[in-house]
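Here is a short briefing on one protein chain. Keep the structure open while reading.

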Amino acid sequence: MLTAMLLPCLAFSSKTLPHSVSPPLPPSLKLRRACSVCSSPTLILNLTATGVQSVYQLPADRATVWNPGVTADGETGRALGADRLPVRTKVYKTISASTYGNGAKDATAAINAALAACPAGEVVQLSSGAFLVNAGIVSIAKTGVVLRGAGAGVTKLVRTNGAKMGSYQSGAAMPNVIIGASRWPHPDNGTSQPLEADSAKSSYQVTVADASRFAVGQKVLLDEETKGVWSALPNRNATATSTLIWKGDRVVWQYHQPGEGEDDPAGPPIGGVLTGGAASWFCRQDRPVSEVKEIATISGNILTFSTPLHIGYRVSHSAQVTGFDTPFIEYSGVESLSVQGGSDGELRFEAASCCWAKGVEVTAWLGEGVAMDSSFRVVLRDSYVHDGVWPEPGGGGYAISLAGGTGESLIENNISLNVNKVIVSRCSGAGSVVGYNYMDNGWIYTSPSWVEVGVNGSHMVGGHHMLFEGNYAFNGDSDSTHGSSIYHTYFRNQLSGKRLGGKLLPQGPDGAETVTDGGNLRCAGMGYGSRWMSFVGNVLGLSGKMTGWVYEDNGMSQPYSGVKAVWRIGYDPVHWEQSGDPDVLNTLIRDGNYDYLTKSVHWQSAKGSLSLPNSLYLKAKPAFFGANPWPWVDPLGSTKLYVLPAKARHDAGTPNRVL
C-alpha cells in the first residue's frame, strides 16, 4: 500500500458537552472507520502500485460508530493521557494502611470521608498495604474523584465478612467499591416519553411527546418492546415439534409454550408484553433492546444525543425515552489497587458516565467481579479479574458484566480468568468494545469438562452491536440461556477452541477440580436466536492441535453430534435433538477468517481480493502494544499471530499491570 485517502469530515462540535455531535454523512458515501478528528465515519481507499484496493466493509446494519469510553476530560478540560483516560496528579489526601493496623482495623469510614471531601479533579491516595472494609462499601459518589493505590497486589481493599471461596452463600452482601451515587439506580418510569416517530439507526435525534421532562446533559434510557409472538421451533429429532417459543422480529426470550424446564421465570404475555420477573431482570418490562444515551441539545420536542443510535427504535414497538431516578456521576475512577472478598459483586459502576477502573486486580468475589449497570462510556482497562469464589452458572461467578442498557463502554487490555463466565452482557452493550483482552478458563465447578461460553455479548436477551476485537479467548460465542443477542461483530480475534486448563478452586466443597475440555468444544459458536452475527478476520483454532475437529456443525443436514467444531451454529445446548436455527446460519457473515483445520482463509460474502482495516475502533496502534506488532492477529498474512500484551503478562507470571 502506498497511501490512503480520507474524505473530509462533516462534523461539528458541541460546546455544551465533551462528545462530538455529527450530522449523518450523505448516503452516497460508504462508511468505513472513525475520523481522527471527530470519530465520524469516513471512507478509506487504499492506493496500491496497481491501483485502488478494496477495503472490507461491514453492511450498514451491522457496522456502527464504535468510539467507546472517555473521549475528553469534561471535568478539567485537559488532554487525555496515553491510556485515553483523564490525567489526575493532585493528591488531596493520603491514607496510610499502618494507621489502621495494615488490615487489622476497619478503614471504610476514613476512606469514604476522604472521598466525600475530595475536590473534583483530585485524588485520594492509599498507601501500600491492606485496608479492611468490612464496615460498609467504599463509595465514590461524586464527580471528578479518583481513588488510587500504590499498585495492584500492593494496595489491597479486603473484605473478610463477604464472599467465601467455594461457597454460594455470602456473608455481608456488599460489594467492596461502588462508583455511583446510588447502589441500585433504576429508570424512572414516571418520566417515560413515547417516540412520536421512528428513529433510524445512526440518527442522533428522537422526537418525543413532551421533552420538557428532560435536560441537556442528562443520561436517559432509550428502549422498545419485543412485540413477540408464539413462534415455531426447528424440528426436534427430525420431527416437527408442537412446542413454541416467545420471539420478536429481533430477539427471542427463553420462554416456551408449553413451558420447559430451562425457561426463565417470566409470566404469560398480556397485550403482547411478556410479564413476570425475568422480563424485567435487566431491563424495563419486556424492553431488552436498549441503550443509555446522553442528551446534547433539546429543540422543542426533539432530543439530540451526543452519539448516534446503534439500532433503530420504532413507534410500532412502543419505543420510549426514560430518565433515571438518580443523577449520574462522571469522570471518577479507581486505579492501581486490588479488591477481594466482595459479595453481591466486587467493583460496581452504577449510573456512571465516563468513569473508569485502571490497573486494578479483582479477585475472590461472589456475583460479578466488575459490574457496569445503567452506565455510559465506562472504561475497564489494564486490569486482572480472576478466580471468583463460585464458578457455577446462576450469577455467582461472572468476571465482567454489562447490564441495564449500559452502552459505549470500553473493556481493553485486561485478563479475565478462572471464572464461570469471563464476560456477560445482559440487555446491554450497544456501541461497546471488548478489545485486546486475554480471556480464558471459563468453567463450571460441578462439570469441569464442559466448555463454557467464551468472549461474548450475551447471557440475557437484547444485547446488540458490540465489537470484539483483538482478543484471545478459548471461543467466541453467543449463548441462548436467557434469550438471544444480535448484531455483534468479532474482528481480528484468536479463538483457540482450547482452554488453559489446570487444577482450580482447591477450597471448593469437593476439593480442586481439573479443567479439561470434554463437552461442546468449538472455536466460534452461536446459540439459537443469535441473528446478524459477523465474524471477520479471525484466526480460529491452534496450529497442530486440530486432529479430530470438523469445520462446521450447524444441525441442519444432520443432528448435532458433539464433535469438536470450528463453527457451531444455531444450537440449543439444552436440546441437542433440536435442528439448527436457520435464521442464525442465514444471517451469519463469515469473511476473511483463517482456521488451522483447513489451513486456509475463507470468504463467504466478499468477492475478490480484499484487505482488512487494522481496527474498527482505533485510529492508530495503542500505546500498550509497545514495540510489538499491531494488529497482532493477521489472518491474511504469512505470520498469522504475534503477541497480545495481556496474554504475555499472564504467561510471564506478571498479570498485574506494571506502573
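Gly367 faces Gly397, a residue of strand 34. This is a predicted model. The points below cover two sheets, two nonpolar cores and one loop residue.

**The parallel sheet**
- The Gly367 and Gly397 pairing belongs to a wider contact between strand 31 (residues 367-373) and strand 34 (residues 397-403).
- Six bridges link strand 31 and strand 34, and the pairing is parallel.
- Both strands sit in an open sheet of six strands, in the order 9-12-27-31-34-37.
- Pairing in this sheet is parallel.
- Strand 9 (138-140) and strand 37 (424-426) form the edges. Each has a single partner strand, so one side of each has no neighbour in the sheet.
- On average, neighbouring strands here are turned by 20 degrees against each other, direction ignored.

**The antiparallel sheet**
- Another open sheet of six strands has the order 13-23-15-21-22-14. Its pairing is antiparallel.
- Strand 13 (193-194) and strand 14 (205-207) are its edge strands, and each pairs on one side only.
- Strand 21 (residues 289-299) and strand 22 (residues 302-305) run antiparallel and are joined by four bridges.
- Ile298 stands opposite Leu303, which lies in strand 22.

**Nonpolar cores**
- The largest nonpolar core holds 108 residues. Ile111, Leu147 and Leu157 touch the most other members.
- Helix 1 (residues 108-117) is the top contributor to this core, giving four residues.
- A separate core has 31 residues, including Ala211, Tyr255, Phe305 and Ile486.
- What does Leu147 touch, leaving out residues up to four places away in sequence? Its contacts include Ile111, Leu115, Val124, Leu126 and Val138. Ile140 and Leu157 are also among them. Further along the chain, Leu147 touches Gly333, Val334, Glu335 and Leu337.

**Ser605**
- Where is Ser605 placed? Ser605 lies in the loop between strand 52 (600-603) and helix 3 (645-651).
- The relative accessible area of Ser605 is 37%. Buried means under 20% and exposed means over 50%, so Ser605 counts as partly exposed.
- Beyond its neighbours within four places in sequence, Ser605 is in contact with Tyr56, Ile589, Arg590 and Asp591.
- Ser605 and Leu244 are 361 residues apart along the chain, and their C-alpha atoms are separated by 32 Å.

Technical notes
Residues are numbered from 1 along each chain as its sequence is written. This is a predicted model: local features need pLDDT of at least 70, side-chain atom pairs count only at pLDDT 80 or more; totals for chains, interfaces and linings use all residues. Side-chain values use heavy atoms; hydrogens and water are left out. A nonpolar core is a set of buried Ala, Val, Leu, Ile, Met, Phe, Trp, Tyr and Cys residues joined through side-chain atoms within 4.5 Å. Buried means under 20% relative accessible area, exposed over 50%, partly exposed in between (1.4 Å probe, protein chains only). Helices (H or I, at least four residues) and strands (E, at least two) are DSSP runs, numbered from the N terminus. Contact means heavy atoms within 4.5 Å. Two strands pair if DSSP finds at least two bridges between them. Axes are lines fitted to C-alpha atoms, for helices over the stretch in contact, and angles run from 0 to 180 degrees between N-to-C directions.
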